[in-house]
Amino acid sequence: MRIVIIEDEKPAARLLKRKIEALGYTIQQQLSSVEEGLDWFGKNEHPDLIFVDIQLSDGLSFEIFESIPIQSAVIFTTAYDEYALKAFKLNSVDYLLKPIDEHELEMALLKFKSRYEKKYVDVELMKNLLKRQNKERYTVKVGNTLKIIESDYIQCFYSANKISYLSTLEGRNYFLDDTLDTLESECDNKKFFRVNRQFIININAVKEISIYTNSRLKITLQNFKEEEIIVSREKVAAFKNWIS
């Protein structure tokens, strides 16, 4: 795999290079500015993957992508989240906030491989990583901005009219692109449980559990008023075991 790093801070570039190489990858080239990037990408075959800081010494790295039609996948690295929306509009795989966590870096690389380089995917590695780390934050769109919500502040995920939503402890609901099946596979199963086809609830948001008709259970959450949440009959036994 051919990887290029674009980072203007030398210590940060060296640290990222060491972390990537520690995961078994080789860095093809290191660049440090918009000008270097434009020159290098204009003369060389584009790599498979680019790690790029957004704010460089001579401008924003977006200038490179706006000037040259780069086909490489991109992982943005930055100390700020204000450019997230623009980054997602490009060919970005992930958006890593500094200081970069080693495991998040590993997951970002795995995401790239699973999406763009399927022939290189180590299935067992993927399974182990997914077991080892659950998704802890979600990005939702609010107007023209992106809002990051930590999993601890989510009372449930639910679907309505074939659309998935995230509901916070404050009772605010946000649209999500992922299906409930995907959300169920990503979230921490110690905190979250899928009670039926429509709802995944957070144990910490449960206000009351009551007996319902046909051997089912009714869940009342702290701040969810949209509709009743009923544990399906086939899920009752597993749910009781989960909460015990």
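The following exercises, each with a worked solution, concern a predicted model.

**Exercise 1. A link between Glu45 and Arg2**

Determine what joins the side chains of Glu45 and Arg2, and where the two residues lie.

Solution.
Step 1. The side chains of Glu45 and Arg2 form a salt bridge, with an N to O distance of 3.0 Å. A salt bridge requires such a distance to be within 4 Å, so this pair qualifies.
Step 2. Glu45 belongs to the loop between helix H2 (34–43) and strand E3 (49–53), while Arg2 belongs to the segment before strand E1 (3–6). The two residues are 43 residues apart, and their pairing links distant parts of the chain.
Step 3. The relative accessibility of Glu45 is 60%, so this residue counts as exposed. Arg2, with a relative accessible area of 28%, is partly exposed.
Step 4. The link extends to a further residue: Arg2, Glu45 and Asp48 form a network of salt bridges. In the model as a whole, the count of salt bridges comes to 16.

**Exercise 2. Two further salt bridges**

Describe the placement along the chain of the pairs Lys17 with Glu21 and Glu136 with Lys191.

Solution.
Step 1. Lys17 and Glu21 meet through their side chains in a salt bridge of 2.6 Å, N to O. Both residues are in helix H1 (residues 10–22), and because they are four residues apart, about one helical turn separates them.
Step 2. Lys17 is partly exposed at 24% relative accessibility. Glu21 is also partly exposed, its relative accessible area being 33%.
Step 3. The side chains of Glu136 and Lys191 are likewise joined by a salt bridge, at 3.4 Å from N to O. This pair links distant parts of the chain, its members being 55 residues apart. Glu136 is found in the loop between helix H6 (123–132) and strand E8 (137–142), and Lys191 in the loop between helix H7 (180–186) and strand E13 (192–194).
Step 4. Glu136 has 29% relative accessibility and counts as partly exposed. For Lys191 the value is 17%, so this residue counts as buried; the cut-off for buried is under 20%.

**Exercise 3. A charged patch**

Identify the residues that gather in a patch of negative charge on the surface.

Solution.
Step 1. The patch consists of Glu35, Glu36, Asp58 and Glu63.
Step 2. One of these residues, Glu36, has its place in helix H2.
Step 3. Glu36 is partly exposed, with 36% relative accessible area. Membership of a patch requires over 30%, so Glu36 passes that cut-off.

**Exercise 4. The two sides of helix H8**

Establish which residues of helix H8 are buried and which exposed residues lie on the face turned away from them.

Solution.
Step 1. Helix H8 covers residues 236–243, and its buried residues are Val236, Phe239 and Trp242.
Step 2. When H8 is viewed down its axis, these buried residues fall within an arc of 120°, and they therefore line one face of the helix.
Step 3. The face turned away from the buried side carries the exposed residues Ala237 and Asn241.

**Exercise 5. Backbone geometry**

State what is notable about the peptide bond from Lys98 to Pro99, and about phi of Asn161 and of Asn214.

Solution.
Step 1. Most residues other than glycine have a negative phi, and most peptide bonds are trans.
Step 2. The bond from Lys98 to Pro99 is cis, with omega near -5°. Pro99 is located in the loop between strand E7 (92–97) and helix H5 (102–116).
Step 3. Asn161 has a positive phi, near 55°. This residue lies in the loop between strand E10 (154–160) and strand E11 (163–168), and it is exposed, with a relative accessible area of 74%.
Step 4. Asn214 also has a positive phi near 55°. Its place is the loop between strand E15 (206–212) and strand E16 (216–221), and at 52% relative accessibility it counts as exposed.

**Exercise 6. Ile201 and Asn204**

Is Ile201 buried or exposed, and is Asn204 buried or exposed? Give also the C-alpha separation of each from Leu221.

Solution.
Step 1. Ile201 is in strand E14 (residues 199–202). At 0% relative accessibility, Ile201 counts as buried.
Step 2. Asn204 is in the loop between E14 and E15. With 51% relative accessible area, Asn204 is exposed.
Step 3. The C-alpha atoms of Ile201 and Leu221 are separated by 8.4 Å, the residues being 20 apart along the chain. For Asn204 and Leu221, 17 residues apart, the C-alpha separation is 9.0 Å.

Notes. Residues numbered from 1 in each chain as written. Predicted model: local features only at pLDDT ≥ 70, side-chain atom pairs only at ≥ 80, totals over all residues. Heavy atoms only, no water. Buried < 20%, exposed > 50% of the residue type's maximum accessible area, 1.4 Å probe, protein only. Patch = residues over 30% accessible without salt bridge, like charges linked within 9 Å, V, L, I, M, F, W, Y side chains within 5 Å. Areas by Shrake-Rupley, 256 points an atom, 1.4 Å probe, with all protein chains shown as cover. Lys, Arg positive; Asp, Glu negative; His and termini not counted. Charge placed at Lys NZ, Arg CZ, Asp CG, Glu CD. Arc of directions from axis to C-beta.
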